[in-house]
Amino acid sequence: MRTVEVPAMVNAHSHAFQRDLRGVAERPAPGVHGGADDAADDHAVDDFWSWREAMFRLADALDPASIGVVADAVYGEMARAGYGAVGEFHYVHHQPDGTPYDDPNAMAIALAQAGVAHGLRVVLLPAAYHRGGWDGSDVAPVRGQRRFCDPDVETFLARADALRAWAAERPGVAVGVAAHSIRAVPASWLEAIAAYADRHGLVRHVHASEQRRELAECEAEHGCSPIALLARTGFLGPRTSVVHGIHVDARDVALLAESGTIVVSCPTTEGSLGDGFLPALAYRDAGVRLAIGSDSQVRVDPFEEVRELETGARRERQTRFALLAHHGDLWAELARNGRASLGLPEAADGAGTIAVDLGHSDLRGVARHDLPLALATCASAGVVARSSTGAAAR
Ligand SMILES: [Zn+2]
């Protein structure tokens, strides 16, 4: 077998438990419509928000043992598919009624242990969640959200302290911090989380600009876009990752570029949820770094994420001079930015390396020097002959 070593990909955005929605959250609920235009209200539409109801039901049934089982399955898939590291954006913290477990980090620890068992570098990103949204004042969390929530940001950050102390003695595990979204926490929490991350040298992540409804709600509460709010609260910066970043205007892109913020794109999930698509070439032109994530786990194949990002960008301006032509080696570029997103070592092998089989049918006839072009356009996880853990991948 003729193989070539390349950097393992970094999965900068994962919710392990959502793997169990794969293939089973595709049937519209009775009575829903096909699109926003013909529906009387948002909840009668099959879209991100109706999918979220199914996700809440799934999350409601989890406990530390069962989240460990699903994490074991999906992290195994990641390791075999060519990922070497995962950023687990974790928000199912408490028991279903919102009461903390005896160890308040029991769920996070179960996730980390499952990832390490598969040889992945795991960066836990505990995510702050406080409310169901904002409608003139804080909206109380609904039943499915209670276990995500903390009463105040100090309680959340104390748990992050405890998780960092636990991880300090575990090789292969690191901790960053996250705000779930601008709808789930008030502005004062964003400020506190950003300051905490700065104080301790941690990476910080947040979901933003995924849905148009989120933009309208942010405008109503804060009088600005989600990205402008993140800038105002000190959340943006070179150690910050904004996940999705789809519905942005030129000012938002400039704020992300000026601050050195990374945008994490999750193309297969964003396509599955009907979120929209990344303005990838606007980001390229502004010099904003891009990374990728498997997010909902609808697909666990980094080659597919890279290809969707590239082909989406080509469609954006009907050109073949998109991300790949600009960077030359898009796989390496996304892996490098993923390492930065998770605070991993900068070196090319900072998340491990994988062996790619040049004899695989996806790559047959591709010259060695053209491999970077093929990895971003025609390869799949099937080309991985050896995972970053050293195990045979297939
Ligand atoms: Zn997400």
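1. Gly119 sits in the loop that runs between helix 3 (106-117) and strand 4 (121-128), and in this predicted model the glycine is partly exposed, with a relative accessible area of 30%. Although Gly119 and Thr389 are separated by 270 residues in sequence, their C-alpha atoms are 5.2 Å apart in space, so that a reader following the loop after helix 3 should also look at Thr389.

2. A second pairing across the sequence involves Arg22, which belongs to the loop between strand 2 and helix 1 and counts as partly exposed at 25% relative accessibility. Arg22 and Arg299 are 277 residues apart along the sequence, while the distance from C-alpha to C-alpha is 8.1 Å.

3. The metal site deserves a paragraph of its own. The zinc ion is coordinated by the NE2 atoms of His13, His15 and His207 together with an OD atom of Asp295, at 2.1 to 2.7 Å. The angles among these 4 donor atoms run from 85 to 171°, and the site is classed as irregular; the upper end of that range lies outside the window of 85 to 135 degrees that a tetrahedral assignment would need, because all angles must fall within it. Water is not among the atoms, so a site of this kind may look incomplete.

4. How are the donor residues of the zinc ion spaced in sequence? The pattern is H-x1-H-x191-H-x87-D. His15 is in the loop between strand 2 (9-14) and helix 1 (48-60), whereas His207 is in strand 9 (residues 204-208), and the pair therefore ties together parts that are 192 residues apart in sequence. Both ends of this link are buried, His15 with a relative accessible area of 2% and His207 with one of 9%.

5. His207 appears again in the description of the internal voids. A search of the whole structure gives 3 cavities of 30 Å³ or more, and the largest of them has a volume of about 150 Å³. This largest cavity is lined by 18 residues, of which Phe48, Trp51, His180, His207 and Glu210 are the closest to its centre. The zinc ligand His207 is thus named both among the donors and among the residues closest to the centre of the largest cavity.

6. Which helix gives the most to the lining of the largest cavity? Helix 1 does, with 5 residues, and both helix 1 and helix 9 (267-273) supply at least two residues each. In chemical character the lining divides into 8 nonpolar, 6 polar and 4 charged residues.

7. Phe48, one of the residues closest to the centre of the largest cavity, also takes part in the aromatic contacts. The search of the whole structure finds 8 aromatic pairs; in one of them the ring centres of Phe48 and Trp49 are 4.8 Å apart and the planes stand at 90°, so the pair is edge-to-face. Phe48 and Trp49 are both buried. Elsewhere in the list of aromatic contacts, Phe17, Phe56, Tyr91, Tyr129 and Phe148 form one cluster.

8. Two glutamines merit a look at their backbone. Gln297, in the loop between strand 12 (290-292) and helix 11 (302-317), has a positive phi of about 70° although it is not a glycine, and Gln297 is buried, with a relative accessible area of 0%. Gln318, in the loop between helix 11 and helix 12 (323-327), likewise is not a glycine and has a positive phi, in this case of about 50°. Is Gln318 buried or exposed? Gln318 is exposed, with a relative accessible area of 75%.

9. Two further residues complete the note. Ile182, found in the loop between strand 8 (177-181) and helix 5 (187-200), counts as buried at 3% relative accessibility, and the C-alpha atoms of Ile182 and Val206, 24 residues apart along the chain, are separated by 8.0 Å. Pro226 is part of helix 7 (residues 226-232) and is buried, with a relative accessible area of 1%. The C-alpha atoms of Pro226 and Gly87, which are 139 residues apart along the chain, are separated by 22 Å.

Notes
Residues numbered from 1 in each chain as written. Predicted model: local features only at pLDDT ≥ 70, side-chain atom pairs only at ≥ 80, totals over all residues. Heavy atoms only, no water. Donors = N, O, S within 2.8 Å, 3.2 Å for Na, K, Ca; no water. Tetrahedral: all angles 85-135°; square planar, octahedral: opposite > 155°, others 65-115°. Helix = DSSP H or I, 4+ residues; strand = E, 2+ residues; numbered from the N terminus. Buried < 20%, exposed > 50% of the residue type's maximum accessible area, 1.4 Å probe, protein only. 1 Å grid on protein atoms, 1.4 Å probe; cavity = no way out; pocket = protein on both sides within 12 Å on 5 of 7 lines; lining within 4 Å. Points joined across faces, edges and corners; volume = space filled by probe spheres on them. Nonpolar A, V, L, I, M, F, W, Y, C, P; charged D, E, K, R; others polar. Phe/Tyr/Trp six-rings, centres within 6.5 Å; stacked < 30°, edge-to-face > 60°.
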